[in-house]
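Grab a coffee and open the viewer. Below are some exercises to work through, each with a solution you can check yourself against.

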Amino acid sequence: MSTALDPRPVLGARERARAGAGMALASMLSVQIGIAVSVGLADRLGAEGAAWLRLACGGLLILLVVRPRRRQFTRSSLASSVALGVTIAAVTMLFMAAVTRLPMGTASALEFLGPLGVAVLRGSRATRVWPMIAAAGVLLLTRPWAGETDLLGVLFALAAAACWAAYILLSQRVGDTVEGVTGLAVALPVAGLVSTLVVAPTAGLPALSGELLLVGAGVAVLLPLLPFALEMMALRRLTTAAFGTLMALEPAFALLVGLVLLGQVPDLAAVGGIVLVVAAGVGAERSGARATPPALAPPG
């Protein structure tokens, strides 16, 4: 039996936090690679068509592989999974609308208010310093003040931020109440359906060749299928506050990928931003372990 002096509970918490942080980092890497691979797809289908194809293909793939059954869900967990799917579609479409009206840095900084808000509101007083450090780093990385401001674009970005906050909370709830990625096997098909209903009346569904379908299926594995699965597993191990803080590393990932793959050399402000968000991410990883998630409720 462990005592207050026994290091095993502490070590277990640290291991959970480290594993969760690793999953979150892998998710961000998958997102960045998925975005890079999607450039050609967006050129051929447009931004809305590319986003729709990723969500639709991701939903079909996970539905075929996981094959969720109604008996695996309680009424509450099924409702949460459906709500998660609607939120995934909303954050994808709203952010897409924002970046057509705002500079990417401005839209990203505004959208980050969602996970930052979760980190501040759900974190303890002792851990709230990390989101503040992360926010300062994101501002240095994105410098939203350098671009022009479009009011409608700002509203879209703020709505995407609210949806991202809801996504974090819903993803943790679904992960805690549904075994494995079964909840995601409901959420992603719902997201694909919702995006279809949004894109069809406004932009029209693009004519798809067999080649485009294969490319869309491949991209869907990188974005959204793999990142959302990793994030759901990460949220089983991390607090929502720590997870929200770790999301600040995504702009840094984008900048570093640009440096390595595209030769885009960051300036001193961007380097300072990377240092701040990495420091915040390390702090969140060290202090952000969850207690053991509650036992799954029996389906019925």
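What follows is a set of exercises on this predicted model, each with a worked solution.

**Exercise 1. Get your bearings.** Work out how many helices and strands the chain has, and what share of its residues is buried.

*Solution.*
- Start with the secondary structure: the chain has eleven helices and zero strands. Reading from the N terminus, the order of elements is simply α-α-α-α-α-α-α-α-α-α-α.
- Next, burial. Of the 300 residues in the chain, 47% are buried.
- Finally, look at how far contacts reach along the sequence. Take the contacts between residues at least 6 apart: 88% of them join residues at least 24 apart.

**Exercise 2. Hunt for salt bridges.** Find how many salt bridges the structure holds, then say where the partners of each sit and whether they are buried or exposed.

*Solution.*
- The count is two.
- Take glutamate 211 and arginine 44: their side chains pair up with an N to O distance of 3.4 Å. Glutamate 211 belongs to helix α8 (residues 210-235) and arginine 44 to helix α1 (residues 8-66), so this pair ties together distant parts of the chain, 167 residues apart. 
- How open is the acid? Glutamate 211 has a relative accessibility of 49%, and since exposed would need over 50%, it counts as partly exposed.
- Now aspartate 176 and arginine 290, whose closest N and O atoms are 2.8 Å apart. Aspartate 176 is in helix α6 (residues 151-177), arginine 290 is in the segment after α11 (268-287), and the two are 114 residues apart.
- Buried means under 20%, so aspartate 176 at 10% makes the cut, and so does arginine 290 at 14%.

**Exercise 3. Disulfides, or not?** Count the disulfides, then check the burial of Cys57 and Cys163.

*Solution.*
- With a cut-off of 2.5 Å between cysteine sulfur atoms, the count is zero disulfides.
- Cysteine 57 has a relative accessible area of 9%, so it is buried. Cysteine 163 is buried too, with 16%.
- Who touches Cys163? Threonine 87 does, and its contacts also include Ala166, Tyr167 and Leu170, leaving out residues up to four places away in sequence.
- Threonine 87 itself sits in helix α2 (residues 75-99). Its relative accessibility is 10%, so threonine 87 is buried.

**Exercise 4. Describe a helix pair.** Characterise how α4 and α5 pack: what are the axis distance and the crossing angle, what is the handedness, and which residues make the contact?

*Solution.*
- Distance and angle come together: the axes of helix α4 (residues 113-122) and helix α5 (residues 129-142) come within 9 Å and cross at roughly 160°.
- Angles over 145 degrees count as roughly antiparallel, so that is the label for α4 and α5.
- The crossing is left-handed.
- On the α4 side, the contact uses Leu116, Ala119 and Val120; on the α5 side, Pro131, Met132 and Ala135.

**Exercise 5. A proline in α4.** Say whether proline 115 is buried or exposed, and which residues it contacts.

*Solution.*
- Proline 115 lies in helix α4. With a relative accessibility of 0%, it is buried.
- Skipping neighbours within four places in sequence, proline 115 is in contact with Trp164, Ile168, Gly244 and Met247.
- Check one of these partners by C-alpha distance: proline 115 and tryptophan 164 are 6.6 Å apart in space, though 49 residues apart in sequence.

**Exercise 6. Backbone oddities.** Look at the 223–224 peptide bond and at phi of arginine 67: what stands out?

*Solution.*
- Keep the usual picture in mind: most residues other than glycine have a negative phi, and most peptide bonds are trans.
- Leucine 223 and proline 224 are joined by a cis peptide bond, with omega about 25°. Proline 224 is in helix α8, and at 4% relative accessible area it is buried.
- Around proline 224, the contacts beyond four places in sequence are Arg54, Leu55 and Leu188. Its C-alpha is 9.4 Å from that of serine 27, which is 197 residues away along the chain.
- Arginine 67 has a positive phi, near 50°, and is not a glycine. This residue is in the loop between α1 and α2, and at 52% relative accessibility it counts as exposed.

Definitions and conventions
Residues are numbered from 1 along each chain as its sequence is written. This is a predicted model: local features need pLDDT of at least 70, side-chain atom pairs count only at pLDDT 80 or more; totals for chains, interfaces and linings use all residues. Side-chain values use heavy atoms; hydrogens and water are left out. Buried means under 20% relative accessible area, exposed over 50%, partly exposed in between (1.4 Å probe, protein chains only). Helices (H or I, at least four residues) and strands (E, at least two) are DSSP runs, numbered from the N terminus. Contact means heavy atoms within 4.5 Å. A salt bridge is a side-chain nitrogen of Lys or Arg within 4 Å of a carboxyl oxygen of Asp or Glu. Axes are lines fitted to C-alpha atoms, for helices over the stretch in contact, and angles run from 0 to 180 degrees between N-to-C directions. Angles under 35 degrees count as roughly parallel, over 145 as roughly antiparallel, 65 to 115 as roughly perpendicular and the rest as oblique. A crossing is left-handed if the near helix is turned anticlockwise from the far one by less than a right angle, and right-handed if clockwise.
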